[in-house]
Amino acid sequence: MLKKIFMYKIIIALLVSCYTFAQESEMRSAQEFQEHLNEEFRDSVSSPLEKEDLVHFEQLDFYPVSQEFIVQATFVQVKNTKKFKMRTSTSRTPLYKKYGELHFELNGKQFVLNVYQNIELSKKPGFKDYLFLPFLDLTNGEATYAGGRYLDMKIPETDTVVINFNKAYNPYCAYNHNYSCPIVPRENDLDIAIEAGVKKFHD
């Protein structure tokens with residue numbers, strides 16, 4: 001009996017250790033992502049900023065990186081979905097399809113987000129496994145961009161994935177109206193404040 005209890009304790013300790021390591025890894029990943037985004041915005045070649053903003057740009061305004069907004073989700077692939085034209089901020093209507101759903105819990109509430117695949121982009125080298133995760137939340141129009149924010153994903157290899165909201169970024173339209181940006185589908189409107197990731201650019 002004592003041997004079994006000891007083994008259970010070892011297993012629990014290992015699970016806690018793995019979870020802690022994974023959380024710390026995601027925290028570092030978020031910090032690196034934000035640093036890279038700042039570098040991209042400072043670079044006159046890659047920056048989406050208008051010239052007058054680029055001259056004065058120092059860094060984007062982010063929420064502090066938080067473990068609270070690193071959540072485990074269950075991925076459910078949706079097969080044989082129809083392609084549809086996603087609305088954008090311009091007349092452009094690129095073809096997408098709903099690829100799957102992410103089911104997760106945050107602050108004691110259950111949520112579902114759809115993930116999408118851009119049909120044309122998926123045919124390009126390096127983007128075969130790319131998925132698009134746009135979302136709206138209760139911070140939009142206040143602390144964050146009114147049009148919602150985006151997350152990038154790869155096609156999961158398992159049915160459990162991590163959503164790191166600390167990596168949420170604005171569409172380029174938040175900085176420059178010359179860009180054409182997908183409009184977040186209403187089914188991805190979260191009834192919770194996601195106080196993570198990048199904030200709005202202008203007050």
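The following exercises, with worked solutions, concern the confidence, fold and nonpolar cores of a predicted model.

Residues are numbered from 1 along each chain as its sequence is written. In this predicted model, local features need pLDDT of at least 70, side-chain atom pairs count only at pLDDT 80 or more, totals for chains, interfaces and linings use all residues, and side-chain values use heavy atoms, with hydrogens and water left out.

**Exercise 1.** Assess the confidence of the model, expressed as pLDDT (the predictor's confidence in each residue, from 0 to 100).

*Solution.* Begin with the average: the mean pLDDT is 91, and 89% of the residues reach 70 or more. Next, locate the weak stretch: residues 13–19 have pLDDT below 50 and, beyond near neighbours in sequence, make zero contacts (heavy atoms within 4.5 Å). Where pLDDT is low, the predicted coordinates should not be read in detail.

**Exercise 2.** Describe the secondary structure, taking helices (H or I, at least four residues) and strands (E, at least two) as DSSP runs numbered from the N terminus.

*Solution.* First count the elements: the protein has two helices and seven strands. Then read their order along the sequence, which is α-α-β-β-β-β-β-β-β.

**Exercise 3.** Characterise the largest nonpolar core, a set of buried (under 20% relative accessible area, 1.4 Å probe, protein chains only) Ala, Val, Leu, Ile, Met, Phe, Trp, Tyr and Cys residues joined through side-chain atoms within 4.5 Å.

*Solution.* This core has 24 residues, and L102, F104, I163, F165, L190 and I194 are those with the most contacts inside it. Among the elements giving two or more residues are β1 (70–77) and β3 (95–106); β3 gives the most, with four. Finally, examine L190: its partners, not counting residues up to four places away in sequence, include F104, F111 and F165.

How values were computed
Buried < 20%, exposed > 50% of the residue type's maximum accessible area, 1.4 Å probe, protein only. Contact = heavy atoms within 4.5 Å.
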